[in-house]
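Visitor: I would like to be guided through this protein model slowly, with each answer reasoned out.

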Amino acid sequence: QPPAEGFWTKDTTHYPMPFTPFGASVYLPAIDRAAPVMGEQLGLLFEGFEQRCLGGEVYVHFVPVGGKERPPPPSWVMWLASRIVPALRRRDRVAENAIASGFSEQLLDRWETEWRDAFKDEGESFKRVDLSALSDEDLLAHLDRLKDFLDRGQLVHFRLNTAYLLPVDDLLVAGEDLLGWDSVASLALVAGSSDASAEPGRELRTLALRFAADDAALQALDQAGDDVLDRLREASPELCDAFRAYLDRYGHRTASYDPGDPTLFERPALLAGLLRDRVSAEDRDRREGGDIAHDALARARPALAHRSQADRDRFERAVQLARRVYGNREDNIFWLDNQPCAFLRYTAVEIGRRLTARGLLARANDAVFLEEPELRGPLTDRVDQDLRALVARRKAERAWVAAHPGPASYGTDPGPPPDLSPLPPALRRVNTAALRWAQLLFAPETTAAGQAELPGVPGSPGRYTGPARLIRDEAQFPKLRPGDVLVCPITTPAWSVLFVQAGAVVTDGGGVLAHTAVIAREYGIPAVLATGAATQRLRDGDLVTVDGTAGVVTVNQGNDPTAVQRP
């Protein structure tokens, strides 16, 4: 049933496809529990958010301070309330302390010297657990440890989100004030600093070079399915080890935020296909993220020459700190989000294997179509309830919702956010930064202007013409050929291996700060986001021109697949 109270908006930026029941039952509660830390740490005027899964689609309701949605108050009421209401005064003190203490850098120091290594090491310990050797009781205890791992990771993730807000906002404001630049131009200054985005593609290229020099290993890749490791072991044990090491380093992450979705580690044939394409592809020259940032700095510094030393120092400080936090965002999502989701999936599938052996499920992977309590029940109470009909219905429902999405929102829109100018300076600064971040992350989807043109939001600069290829989930990754335009609902950091293939990317949702835009800038390919209907309007093979600077996708007449314009 839709929510009876409040305004709820569908979050297609993070959840473009319907959630599995298992994923929704373990992941969404962890997010809801962690989200309030942002307001508590930075003084934001919200207490967190609630998420509701309707038919697998996720709707979000932001909870303001005080817990009740109201129309924005008049400016004089906002001024008075922020100075006399105890809850708002506490938030103001928190904001003042966060700004004065160098809060962002402190959190980044903790990530780089403490948290990241701790979560990496704990993840390594989970990799080594032989799930099949655990008793039913121990397997459920393992599931509980993983849920705790996810909970703790999300708390750190949302703390690090607050570290991201002020430095990125300072960069955007400095770019606007000192150079007259928009957000896309200013974010070019930090391209190349997200190593977590570029590393999987860079290492895939390196691995492809090794395969290109070994004919036997290349032959083993041809027509390989999920038996690719067996083929490689016979053809080239050394490259088999390298292939396995790549899977172990980058494969233990779900391709979405859903712990029910498969991982690259489970589907080695996908990696084999990507490698075959890398070996056979003629790598074109493209600007990498570092080149984009270098060019942006080369434009900015001469333009600032007439400014005061204080202005120039302000600009350099903003760029330096923004570059540091910018790369952290993708990095922490891999270790704190996608990795725990992978281990949760493996555990659910192991439970599914046991239920399949008892005749309760048709196959082990069907376990993700059960909610967590439904999975636990047969292992604890030993009641052999046949779950196959329930799974079949859930699969059908998910497919139906994917083909017939629900409305964009439920409830009455409370209108635009309140005027923040009457707030005390610190409270105004942190909330203005958070509001700008949300607007650039969740850009409103656009409406197509004409049959040949699909407007959107500029995500990564440049212009590219090539054949469109629609990719909705990781099962369709093999469709993407070198030079294709990746057209999808949205991407997560785990999709970064595709960006080494793509000539450009077009999405239905997202904004200039969405992961798709971040990764596209790292790989130096044009991106247009928030088109609203690219996956409905475009077909496989359509020849399209992606103008990532203007934010427009043009469907070319004739659709000649040979007319590919290189950047």
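Guide: What follows is a set of questions and answers on the cavities and one pair of strands in this model, which is predicted.

Visitor: How many cavities of 30 Å³ or more does a search of the whole structure find?

Guide: A cavity counts here as a set of points where a 1.4 Å probe fits but cannot get out. With a cut-off of 30 Å³ or more, the search of the whole structure gives a count of four.

Visitor: Which class, nonpolar, polar or charged, has 10 residues in the lining of the largest cavity?

Guide: The largest cavity holds about 130 Å³ of space, and among the 14 residues that line it, R253, L264, F477, A494 and V497 are the closest to its centre. Sorted by class, the lining includes two polar and two charged residues, while the class with 10 residues is nonpolar.

Visitor: Which helix supplies the largest share of the lining of the second largest cavity?

Guide: This second largest cavity, with about 50 Å³ of space, has a lining that includes Y164, L165, A433 and W437. Two helices, α6 (136–179) and α17 (425–441), each supply at least two residues of that lining. The largest share, five residues, comes from α6.

Visitor: Which residue in the turn of the hairpin formed by β2 and β3 has a positive phi?

Guide: Strand β2 (residues 46–54) and strand β3 (residues 57–64) run antiparallel and are joined by eight bridges, with R52 standing opposite Y59 in β3. Two residues lie between the strands of this hairpin, and the one in the turn with a positive phi, about 65°, is G55.

Terms used:
Residues are numbered from 1 along each chain as its sequence is written. This is a predicted model: local features need pLDDT of at least 70, side-chain atom pairs count only at pLDDT 80 or more; totals for chains, interfaces and linings use all residues. Side-chain values use heavy atoms; hydrogens and water are left out. On a 1 Å grid over the protein atoms alone, a cavity is a set of points where a 1.4 Å probe fits but cannot get out, and a pocket is an open set with protein on both sides within 12 Å along at least five of seven lines; lining residues have an atom within 4 Å of a point. Grid points are joined across faces, edges and corners, and a volume is the space filled by probe spheres set on the points. Ala, Val, Leu, Ile, Met, Phe, Trp, Tyr, Cys and Pro count as nonpolar, Asp, Glu, Lys and Arg as charged, and the others, Gly among them, as polar. Helices (H or I, at least four residues) and strands (E, at least two) are DSSP runs, numbered from the N terminus. Two strands pair if DSSP finds at least two bridges between them.
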